[in-house]
Structure formats: structure tokens, C-alpha cells
Amino acid sequence: MAIIAVFDVPGGTQAQYEQVCDRLSGGNGVLTSLSDAPEPGLLSHIAGPTPTGWLVVEVWESEQAFQRFGQKLAPFLEEAGMPDLEPKVYQAFNVVTD
């Protein structure tokens, strides 16, 4: 079952986001296509500033795919100085991809 992962990062910046993306992509910068995702199973990725930091919302095909991605992501978040926080994860009821 698909899940929605919400990373609300107080104090997070675009520069930190870009640094993490660059590390995840092996030096290819931010994600521009789902086929560029560092782990299979990503269905949607949205990121942008908030009044207090940075927000990333993703849809993954399963909790397992998201957990595999999380293992790759964690060290890069720490390296970028992002706060240690757990994303909020919700079960998706409806996912439209076309």
C-alpha cells in the first residue's frame, strides 16, 4: 500500500536540501525525474520553503521502499546539518499518477 511521507524541517534551507539531493544523486543535483530517484518506488516528490524552514512531501509505493530510501538518506541529512527528526508517515487512500 502506498504511503505519504512528510518531512517538515524547522530551520531547513534550500541549500541543505540541494546538498542532500546532490549526495543522493551521486553528484547530479536535485531530482528532475522519478527515474532519477535513488531507490525504486518513489511515486511523487515535492519540496519547497515554509515560513519556518523546508518541507518535503513524497509518495512511495510501499513502506518498505520508503524504509530502504531512509537508510540511504539518513547519513546525508546528518552531513548537511539537518535536524534529527522523524518524518510523519500516512497511508495513502488514493494516488493518481497520470
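Is I46 buried or exposed? I opened my notebook with that one, and I46 counts as exposed, at 54% relative accessibility. The cut-off for exposed is over 50%, so I46 passes it. A reminder to myself before going on: this is a predicted model.

**Entry 1: around I46**

I placed I46 in strand 2. Next I looked up its contacts, leaving out residues up to four places away in sequence, and found that I46 touches L55, V56 and V57. I also checked one distance: I46 and V57 are eleven residues apart in sequence, and their C-alpha atoms are 5.2 Å apart in space.

**Entry 2: T52 in its loop**

I moved along to T52, which lies in the loop between strand 2 and strand 3. T52 has a relative accessible area of 58%, so I noted T52 as exposed. Apart from neighbours within four places in sequence, T52 is in contact with V9, P10 and G11. G11 made me look twice: G11 and T52 are 41 residues apart along the chain, yet 6.0 Å separates their C-alpha atoms.

**Entry 3: S62 in another loop**

Is S62, in its turn, buried or exposed? I found S62 in the loop between strand 3 and helix 2. The relative accessible area of S62 is 13%, so S62 is buried; the cut-off here is under 20%. Setting aside its neighbours within four places in sequence, I listed M1, A2 and I3 as the contacts of S62.

**Entry 4: helix 2**

I gave helix 2 a longer look. It covers residues 63–79, which makes 17 residues. At 1.5 Å a residue I expected a span of 24 Å, and the end C-alpha atoms are indeed 24 Å apart, so the two values agree. I then looked for a bend and found one of about 35 degrees at K72. A proline, P75, follows within four residues of K72.

Which residues of helix 2 are buried? I wrote down A65, F66, F69, L73 and F76. What covers them includes strand 1 (3–10), helix 1 (14–24), strand 3 (53–60) and strand 4 (88–91). Just after the helix, I noticed that G81 takes a positive phi of about 80 degrees.

**Entry 5: two residues of helix 1**

I picked Q16 first, which sits in helix 1. With 14% relative accessibility, Q16 counts as buried. Leaving out neighbours within four places in sequence, Q16 is in contact with G11, A80, G81 and M82. So G81, with the positive phi I had just noted, turned up again. Q16 and G81 are 65 residues apart in sequence and 7.5 Å apart from C-alpha to C-alpha.

V20 is found in helix 1 too. I recorded 6% relative accessibility for V20, so V20 is buried. Not counting residues up to four places away in sequence, V20 touches L73, F76, L77 and A80. I also tried a pair across the chain: V20 and T97 are 77 residues apart, and their C-alpha atoms are separated by 25 Å.

**Entry 6: the nonpolar core**

In soluble globular proteins, nonpolar side chains tend to be buried together. With that in mind, I looked up the largest nonpolar core and found that it has 20 residues. Those with the most contacts inside it are F7, V20, L24, W60, F66, F69 and L73. Strand 1, helix 1, strand 3 and helix 2 each give two or more residues to this core. Which element gives the largest share of this core? It is helix 2, with five residues.

I followed W60 a little further. Leaving out residues up to four places away in sequence, W60 touches A2, I3, E39, P40, G41, L42, L43, A65, F66 and F69.

**Entry 7: the largest pocket**

My last look was for open space. The largest pocket holds about 780 Å³. I found 37 residues lining it, with F7, F69, L73, A74 and L77 nearest its centre. Strand 1, helix 1, strand 2 (42–50), strand 3 and helix 2 each give two or more residues to the lining. The largest share of the lining, nine residues, comes from helix 2. I closed the page with a cross-check on helix 2: it also gives the largest share of the largest nonpolar core.

Definitions and conventions:
Residues are numbered from 1 along each chain as its sequence is written. This is a predicted model: local features need pLDDT of at least 70, side-chain atom pairs count only at pLDDT 80 or more; totals for chains, interfaces and linings use all residues. Side-chain values use heavy atoms; hydrogens and water are left out. The expected span of a helix is 1.5 Å times one less than its number of residues. The bend at a residue is the angle between axes fitted to the seven residues ending there and the seven starting there. Buried means under 20% relative accessible area, exposed over 50%, partly exposed in between (1.4 Å probe, protein chains only). Contact means heavy atoms within 4.5 Å. A nonpolar core is a set of buried Ala, Val, Leu, Ile, Met, Phe, Trp, Tyr and Cys residues joined through side-chain atoms within 4.5 Å. On a 1 Å grid over the protein atoms alone, a cavity is a set of points where a 1.4 Å probe fits but cannot get out, and a pocket is an open set with protein on both sides within 12 Å along at least five of seven lines; lining residues have an atom within 4 Å of a point. Grid points are joined across faces, edges and corners, and a volume is the space filled by probe spheres set on the points.
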